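Trainee: Could we go through some helix packing and the ligand site together? I'd like to practise reading them from a model.

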Amino acid sequence: MPKRLAGKVAIVTGASRGIGRAISIALAKEGATVALAARALEKLKETAKQVTEAGGGAAIIVTDLAKEESIKNLIKVTGDTFGRLNILINNAGVTHSARLEETATADWDRCHQVNARAPFILCREALPLLKKAEAAYIINIASVVGVKGYPLQSAYTASKHALRGMTISLAEELKGSGIRVHLLCPGGVDTELVQEVRPDIKKEDLMQPDEIAELVIYLVTHKGNAVMDELHIRRAASSPWFY
Ligand SMILES: NC(=O)c1ccc[n+]([C@@H]2O[C@H](COP(=O)([O-])OP(=O)(O)OC[C@H]3O[C@@H](n4cnc5c(N)ncnc54)[C@H](OP(=O)(O)O)[C@@H]3O)[C@@H](O)[C@H]2O)c1
């Protein structure tokens, strides 16, 4: 059976570990070629190895999402190398845990730069390529904190609310264009990031990165008219509708 994403090109930010690595490998299993973006070269090489073993193509593009020129370079190199782009996954994220009165302006700025500003620049720079594709997808990974608030997470929460707002506006602008825009809002997933923000959650109660990757694959392979704009994904141990 032909792979469902054969011939498709995807960019995954934050591909060096965690959810981004899992999404990259899942896309590769469906035959996609994945441009892997993050700062840590050695970890990107490990992702590239696993992507190749899974049957996909891999291109490592070392990128610092805090820097506009580096973000523009990611899109330029992808375009120059492959001549096309079908899927943009804005996954990379950083967090900060502190009471608001102990949050430095630099920590606020860092969260907003990586979690909200970088996806905005990436969407803007990628749109000319995405518009050329027959069907294209932008998937932004927000968080449960993108729709509610938690104590000690004001900078992270505000940045994810900003990402959600931008995503809704962009989805409206692209309605009928052939580019579908989705937002994923997971609760606790077993990665390095959750250890910083929610060390109170037992490891066995966390979701696995593969579970988030499976939902991404559903969104980018579904061919019908049913669309889920925003997915809220909670841990089985948490309260229903509470996240
Ligand atoms: N884990 C959870 O419980 C959870 C829940 C809800 C939402 N999320 C969201 O899911 C996404 C992935 O998180 P994760 O849990 O997989 O976190 P993670 O394991 O900490 O991975 C974060 C990724 O972001 C990349 N990154 C951070 N700063 C960057 C920068 N300046 N430039 C380029 N890449 C950068 C990191 O790569 P380098 O360090 O190599 O640059 C890494 O690949 C994030 O947006 C996060 O907010 C996570």
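Trainee: Which hand does the crossing of α4 and α5 have?
Mentor: Keep in mind that this is a predicted model. Helix α4 spans residues 105-132 and helix α5 spans residues 154-173, with their axes 7 Å apart. The crossing of these two, α4 and α5, is right-handed.

Trainee: And is α4 roughly parallel or oblique to α5?
Mentor: Good one to reason out! The two helices pack at an angle of about 15°. Angles under 35 degrees count as roughly parallel, so α4 is, relative to α5, roughly parallel.

Trainee: How many nonpolar residues does the contact of α4 with α5 have?
Mentor: On the α4 side, the contact residues include W108, F120 and L127, and α5 contributes Y156, L163 and M166, among others. Four polar and two charged residues also take part. The nonpolar count is 14.

Trainee: Now α1 and α7: is α1 roughly parallel or oblique to α7?
Mentor: Helix α1 (residues 18-29) and helix α7 (residues 209-221) have axes 8 Å apart and pack at an angle of about 45°. Since 45° is neither under 35 degrees nor in the 65 to 115 range, α1 is, relative to α7, oblique.

Trainee: On to the ligand: which residue has a polar side-chain atom 2.6 Å from an oxygen atom of the ligand?
Mentor: Happy to help! The ligand is surrounded by 31 residues, and N91, Y156, V189 and T191 are among the closest. N91 uses a polar backbone atom, 2.7 Å from a ligand oxygen. The side-chain contact at 2.6 Å belongs to R39.

Terms used
Residues are numbered from 1 along each chain as its sequence is written. This is a predicted model: local features need pLDDT of at least 70, side-chain atom pairs count only at pLDDT 80 or more; totals for chains, interfaces and linings use all residues. Side-chain values use heavy atoms; hydrogens and water are left out. Axes are lines fitted to C-alpha atoms, for helices over the stretch in contact, and angles run from 0 to 180 degrees between N-to-C directions. Helices (H or I, at least four residues) and strands (E, at least two) are DSSP runs, numbered from the N terminus. Angles under 35 degrees count as roughly parallel, over 145 as roughly antiparallel, 65 to 115 as roughly perpendicular and the rest as oblique. A crossing is left-handed if the near helix is turned anticlockwise from the far one by less than a right angle, and right-handed if clockwise. Contact means heavy atoms within 4.5 Å. Ala, Val, Leu, Ile, Met, Phe, Trp, Tyr, Cys and Pro count as nonpolar, Asp, Glu, Lys and Arg as charged, and the others, Gly among them, as polar. A residue is near a molecule or strand if one of its heavy atoms lies within 4 Å of it. A polar contact is a pair of N or O atoms within 3.5 Å; within protein, one must be able to donate a hydrogen and the other to accept it, and residues adjacent in sequence count only if both atoms are side-chain atoms.
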